[in-house]
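Q: Please take a close look at one packed contact in this model. Set it in the context of the whole fold, and keep it brisk.

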Amino acid sequence: MTDAPAYEPPRVWKWERENGGRFASINRPVSGATHEKELPRGEHPLQLYSLATPNGVKVTVMLEELLAAGHAGAEYDAYVVNIREGDQFGSGFVAINPNSKIPALVDHSLPEPTRVFESGAILLYLAEKFGAFLPEDPSERAECLSWLFWQMGSAPYLGGGFGHFYAYAPYKMEYPIDRFTMEVKRQLDVLDKRLAEKPYVAGDAYTVADMAIWPWYGVLTTGKLYDAAEFLAAEEYENVVRWYREIGSRDAVIRGRKVNRINGPLEDQLHERHDATDFELRTQDRLEAAE
Ligand SMILES: N[C@@H](CCC(=O)N[C@@H](CS)C(=O)NCC(=O)O)C(=O)O
């Protein structure tokens with residue numbers, strides 16, 4: 001065990017504005033809007049406000065999969081919510097997600113515009129709306145929902161726990177890194193054993209459960225998330241790696257990963273998505289070349 005800086009919790013915790021961690025400047029212990037900012041609105045019924053983080057990618061992959069499967073009603077406009085600049089605390093965004101986290105969706109095709117927040121709820125909402133990527137058979141559906149909710153319950157250990165202490169904390173601490181590494185490796189093992197039995201997490205069909213888990217545990221095995229593949233010996237989870245590669249080669253997944261992306265290669269960044277042609281015409285490399 002390394003020597004951690006001595007810390008004795010006070011009787012009542014008080015908010016120190018800066019604690020040095022990544023995102024410290026935007027994190028607050030209270031909810032609600034910090035400033036007035038209306039959300040833009042495009043022409044399609046579905047309006048997505050998001051960013052290409054793992055939680056955001058789940059939803060853009062689902063929308064692109066729905067379109068690829070012929071569900072024309074899944075056409076959508078997607079706008080960037082830059083969480084490093086505090087866009088999630090603008091009044092318009094807080095009105096559609098009081099929890100101030102991306103992704104959030106508004107469906108204008110219903111008599112009243114309907115907001116949906118929480119990525120798992122959005123996946124389920126879209127799956128039910130379009131009757132797709134969610135098995136109808138009750139047993140298969142139960143298995144799919146179990147894995148979908150497994151992801152929603154497990155990912156905070158990966159992101160808020162492991163990722164935070166391994167990649168974002170202002171200094172390295174052995175205790176939390178050990179604790180969350182153990183848990184994340186256990187979760188990878190759960191997934192690896194499941195994917196040894198079945199091609200997809202819910203069984204024989206590709207479902208919303210794969211879409212939820214892939215951007216987290218799949219991408220983790222490549223090192224693109226927290227640069228942690230070597231540390232976690234991710235190549236040992238062979239079934240996860242096989243499943244990551246297969247899903248990652250789907251056209252809809254390749255497209256979905258680009259939507260609302262504001263980092264990485266310019267050709268992979270489609271800041272706003274309004275139309276299928278945007279993938280050809282409006283990625284950042286094209287926009288910047290035209291300037
Ligand atoms: N459980 C939520 C988590 C969403 C979430 O944590 N979003 C992050 C980006 S991946 C965010 O918006 N963070 C901004 C903040 O915490 O202020 C979901 O799955 O939608």
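A: The overall fold comes before the contact. This is a predicted model: local features need pLDDT of at least 70, side-chain atom pairs count only at pLDDT 80 or more, and totals for chains, interfaces and linings use all residues. Numbering starts from 1 along each chain as its sequence is written.

The protein has 10 helices and 4 strands (DSSP runs, numbered from the N terminus: H or I of at least four residues, E of at least two). Their order along the sequence is β-α-β-α-β-β-α-α-α-α-α-α-α-α. The C-alpha trace spans about 60 × 50 × 45 Å along its principal axes. Of the contacts (C-beta atoms, placed from the backbone, within 7 Å) between residues at least 6 apart in sequence, 64% join residues at least 24 apart.

Now the close look. Helix 1 covers residues 54-68, and helix 6 covers residues 208-220. They pack at about 140°, axes 9 Å apart (lines fitted to C-alpha atoms over the stretch in contact; angles from 0 to 180 degrees between N-to-C directions). That angle makes helix 1 oblique to helix 6 (not under 35, over 145 or 65 to 115 degrees). The crossing is right-handed (near helix turned clockwise from the far one by less than a right angle).

Helix 1 contributes Pro 54, Val 57, Lys 58, Val 61 and Met 62. Helix 6 answers with Val 208, Met 211, Ala 212, Pro 215, Trp 216 and Val 219. By class, this contact has 10 nonpolar residues (Ala, Val, Leu, Ile, Met, Phe, Trp, Tyr, Cys, Pro), 1 charged (Asp, Glu, Lys, Arg) and no polar ones (the others, Gly among them).

Note on methods: Two residues are in contact if their C-beta atoms, placed from the backbone, lie within 7 Å.
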